[in-house]
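The following exercises are to be worked with the sequence and the coordinates at hand. Each task is followed by a solution in steps.

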Amino acid sequence: MPSILSQSLALASQSLRLTSPNPRVGCIITTPDGRVLGQGHTQRAGGPHAEIMALRDAAEKGNPVQGATAFVTLEPCSHHGRTGPCCDALIAAGIRQVVAIHADPNPLVAGQGFARLRAAGIQVQVLPADDPLALQAHELNIGFFSRMIRKKPWVRLKMAASLDGQTALQNGASQWITSQAARTDGHAWRARACAVLTGIGTVLADNPKLDVRLVDTPRQPHVVVVDSRLETPLDAALFIAGRACFIYAAVPNDAKKAALEACGATVIYLPGQVPNTPDKVDLSAMLLDLAQREINELHVEAGHKLNGSLIREGLVDEFLVYLAPKLLGLGQGMAHFGPLSSLDDVIQLEFHNIERIGADLRLLARTEGHPNF
């Protein structure tokens with residue numbers, strides 16, 4: 001059984017860049033003795049889920065599934081969303097047993113899928129939450145779990161720097177500090193995200209597209225801009241047909257808002273609620289709003305000021321840092337916050353993963369004990 005569940009998780013991983021905002025799910029249907037009848041993973045939002053793909057695969061191969069076992073990485077859904085309930089499809093197909101790696105945190109499901117299956121006489125087995133495979137399944141869908149449980153996206157802050165922590169020279173030159181391999185890897189992380197966020201400073205200085213170009217992807221992530229005074233140029237490169245663009249502002253400018261929305265953007269006013277910050281975007285409220293817009297993973301590529309604000313407000317869940325074996329001396333740092341008056345006040349992190357990417361190092365770091373959901 002563990003090997004089949006591992007295979008179903010590998011199937012789910014194939015949908016890493018595909019399913020947003022839905023979770024990445026894999027399903028394998030077998031005979032009682034373990035012979036595979038059909039398998040599949042969740043498709044693009046609005047398309048069939050993993051269970052339906054596996055049932056179709058079995059049918060196309062002429063394999064009856066009456067009395068079979070379905071191994072799934074996440075609880076079969078029980079509600080009508082963009083598609084019908086997967087638990088009903090498994091019941092109608094005559095599945096005898098369902099083995100799941102993880103329960104679905106979506107309040108519209110949250111055990112109801114398992115309950116429907118059991119009510120239909122289907123045996124249901126679920127791995128403990130601390131099982132290694134359950135932990136892997138949680139990591140694969142960490143943004144979905146975050147949105148469902150915490151009501152905000154998983155925020156991943158990406159930075160590329162020299163070994164002495166500089167992201168650019170003092171004159172702003174930064175192309176390229178890290179290697180081609182690191183830049184390609186960075187695009188792979190963009191591709192798995194629901195949206196890429198930056199600040200108006202980066203837009204004005206670099207006019208970035210913030211799209212995925214260096215790896216193949218079936219969908220482009222949305223783009224989010226923190227632009228307090230609506231200074232985004234109407235001809236900015238980030239306006240790409242078919243891709244949602246959310247611009248968060250603090251100072252109303254309805255004429256510019258209308259012009260930006262004519263370019264395809266959605267402009268949201270979220271002025272700061274803390275005294276003396278009405279001209280700054282309420283970043284915490286922005287994350288709650290993005291969750292309402294079905295953003296699971298938010299990939300941040302911004303300058304040191306916005307990076308510092310996100311860190312200072314405790315809004316970053318994970319740091320994705322590429323370090324090049326170079327020394328730049330005086331330059332522009334990774335994040336502007338502080339100064340701290342005591343080492344007791346530092347933000348303590350834990351390394352989650354360290355890997356060499358080309359000539360550079362890729363570090364994944366999280367606050368201690370995170371995630372705790």
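Two strands pair if DSSP finds at least two bridges between them. The model under study is predicted.

**Exercise 1. Pairing around strand 12**

Task: Determine how strand 8 is joined to strand 12, and identify the strand that pairs with strand 12 over 4 bridges.

Solution.

Step 1. Strand 8 (residues 195–199) and strand 12 are joined by 3 bridges, and at least two are needed for a pair. The two strands run parallel.

Step 2. Strand 6 (residues 154–162) pairs with strand 12 over 4 bridges, in the parallel sense.

Step 3. Individual residues can now be placed. Histidine 299 in strand 12 is the bridge partner of arginine 156, and valine 196 stands opposite histidine 299.

Step 4. In a regular strand, side chains alternate between the two faces of the sheet. In strand 12, Glu297 and His299 point one way, while Leu298 and Val300 point the other way. All of these residues are buried.

**Exercise 2. The sheet of 9 strands**

Task: State the strand order of the open sheet of 9 strands and find which strands stand at its edges.

Solution.

Step 1. The order is 11-10-9-8-12-6-13-16-15, and the pairing is mixed.

Step 2. The edges are formed by strand 11 (265–269) and strand 15 (349–357); each has a single partner strand, so one side of each lacks a neighbour in the sheet.

Step 3. From one strand to the next, the twist averages 20°.

Step 4. An antiparallel pair is found in strand 13 (residues 318–324) and strand 16 (residues 360–367), with 6 bridges. Within this pair, glutamate 318 has arginine 366 in strand 16 as its bridge partner.

Step 5. Helix 7 (residues 180–192) packs on this sheet and touches strand 6, strand 8, strand 12, strand 13, strand 15 and strand 16. The direction of helix 7 makes about 165° with that of strand 13.

**Exercise 3. Salt bridges**

Task: Establish which parts of the chain are tied together by the salt bridge of glutamate 297 and arginine 24, and list the residues joined into one network by salt bridges that share partners.

Solution.

Step 1. The whole structure contains 16 salt bridges. One of them links the side chains of glutamate 297 and arginine 24, at 2.9 Å from N to O.

Step 2. Glutamate 297 belongs to strand 12 (residues 297–300), whereas arginine 24 is in the loop between helix 1 (2–13) and strand 1; the pair therefore ties together parts that are 273 residues apart in sequence. Glutamate 297 and arginine 24 are both buried.

Step 3. A further salt bridge joins glutamate 355 and arginine 362, with an N to O distance of 2.9 Å. Glutamate 355 has 36% relative accessibility and therefore counts as partly exposed. Arginine 362 is buried, because its relative accessible area is 9%, and the cut-off for buried is under 20%.

Step 4. Through shared partners, salt bridges join Arg24, Glu139, Arg156, Arg192, Glu297, Glu318 and Arg366 into one network.

**Exercise 4. Helix 2 and the sheet of 5 strands**

Task: Explain why the buried residues of helix 2 line one face of the helix, and identify what covers them.

Solution.

Step 1. In helix 2 (residues 50–60), the buried residues are Ala50, Glu51, Ala54, Leu55, Asp57 and Ala58.

Step 2. Viewed down the helix axis, these residues fall within an arc of 160°, so they line one face of helix 2. On the other side, Ala59 and Glu60 are exposed.

Step 3. The cover of the buried residues includes strand 1 (26–30), strand 2 (36–41), strand 3 (69–72) and helix 3 (86–93). Helix 2 lies across strand 1, strand 2 and strand 3, at about 140° to strand 2.

Step 4. The order 2-1-3-4-5 describes an open sheet of 5 strands with mixed pairing. Strand 2 and strand 5 (123–126) stand at the edges with a single partner strand each, so one side of each is left without a neighbour in the sheet.

Step 5. Strand 4 (residues 97–100) and strand 5 run parallel and are joined by 4 bridges. Valine 99 has glutamine 125 in strand 5 as its bridge partner.

Note on methods. Residues numbered from 1 in each chain as written. Predicted model: local features only at pLDDT ≥ 70, side-chain atom pairs only at ≥ 80, totals over all residues. Heavy atoms only, no water. Buried < 20%, exposed > 50% of the residue type's maximum accessible area, 1.4 Å probe, protein only. Arc of directions from axis to C-beta. Contact = heavy atoms within 4.5 Å. Salt bridge = Lys/Arg side-chain N within 4 Å of Asp/Glu carboxyl O. Axes fitted to C-alpha atoms, helices over the stretch in contact; angles between N-to-C directions.
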